[in-house]
Amino acid sequence: MKIVVAFMSAILLPALLITAWYLYGQFVTFEHDDPYIWVRTRGFLAICIAVSAGFVVFLGLPAYFLLRKFNSVNWWATLISGFVLGAIPMAIFTWPLRYPEMKTSASVNGVKTMIDGVPTLDGWLQFLQGVSFLGVCGMAGALAFWLVAPNKPLKQDK
């Protein structure tokens, strides 16, 4: 039962962190007494939980069984796995060179991220920032899992 609670913790912590970040942005953008802040945040939280659950079920669960098979369920392997499992899907879906035949230009907040189909340095930095952000969210979920999961070794062998 404790392993189920550990997986639930891995789902909830990243979703709550991203939602808290979103809520902060809502308070910065809109008036503090805007009642729709909470409506938007509730909907955003539901989406975050669904996405986080998908990551944990389809990526985290198989990773856990793979680590367990190789007897490598330790804190550092769990955290690295969480980072990689959070970052890789984001990297795949936002890869700037995904459609090289498209000769478009793009910008974000006035900063050129792509010129004639070629990512700029700012574009690559934005890509790395997004990938790292979701990697850290995955690592947070892995940390929550590790802290709640049963059968941790009490002392590392030297």
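Colleague: In strand 2, which residue is the bridge partner of Val 108?

Modeller: In strand 2, Val 108 has Val 111 as its bridge partner. This is a predicted model, in which local features need pLDDT of at least 70 and side-chain atom pairs count only at pLDDT 80 or more, while totals for chains, interfaces and linings use all residues. Residues are numbered from 1 along each chain as its sequence is written, and side-chain values use heavy atoms, with hydrogens and water left out.

Colleague: How many bridges link strand 1 and strand 2?

Modeller: Strands of a sheet pair through backbone hydrogen bonds, either parallel or antiparallel. Here strand 1 and strand 2 (strands being DSSP runs of E with at least two residues, and helices runs of H or I with at least four, numbered from the N terminus) pair in the antiparallel sense over three bridges, where pairing requires at least two DSSP bridges. These two strands form a hairpin with two residues between them, and Asn 109 in the turn has a positive phi of about 55°.

Colleague: What joins strand 2 to strand 3?

Modeller: Strand 2, residues 111-115, runs antiparallel to strand 3 and is joined to it by two bridges. Ile 115 has Val 118 as its partner in strand 3, and Met 114 is matched there with Pro 119. This hairpin also has two residues between its strands, and Asp 116 takes a positive phi near 50°.

Colleague: Which strands stand at the edges?

Modeller: The open sheet has three strands in the order 1-2-3, with antiparallel pairing. Strand 1 (106-108) and strand 3 (118-119) are at the edges with a single partner strand each, so one side of each has no neighbour in the sheet.

Colleague: Which residues make up the largest nonpolar core?

Modeller: In soluble globular proteins, nonpolar side chains tend to be buried together. The largest nonpolar core (buried Ala, Val, Leu, Ile, Met, Phe, Trp, Tyr and Cys residues joined through side-chain atoms within 4.5 Å) has eight residues here: Ala 6, Phe 7, Ala 10, Ile 11, Val 56, Tyr 64, Phe 145 and Ala 149. Helix 1 (2-29) and helix 2 (36-69) each give two or more residues to this core, and helix 1 supplies the largest share, four residues. Leaving aside neighbours within four places in sequence, Ile 11 is in contact (heavy atoms within 4.5 Å) with Ile 49, Ser 52, Ala 53 and Val 56.

Colleague: How many salt bridges does a search of the whole structure find?

Modeller: The search finds one salt bridge, meaning a side-chain nitrogen of Lys or Arg within 4 Å of a carboxyl oxygen of Asp or Glu. Asp 34 forms it with Arg 40, their closest N and O atoms being 3.3 Å apart. Asp 34 counts as buried at 18% relative accessibility, whereas Arg 40, at 28%, is partly exposed; buried means under 20% relative accessible area, exposed over 50%, and partly exposed in between (1.4 Å probe, protein chains only).
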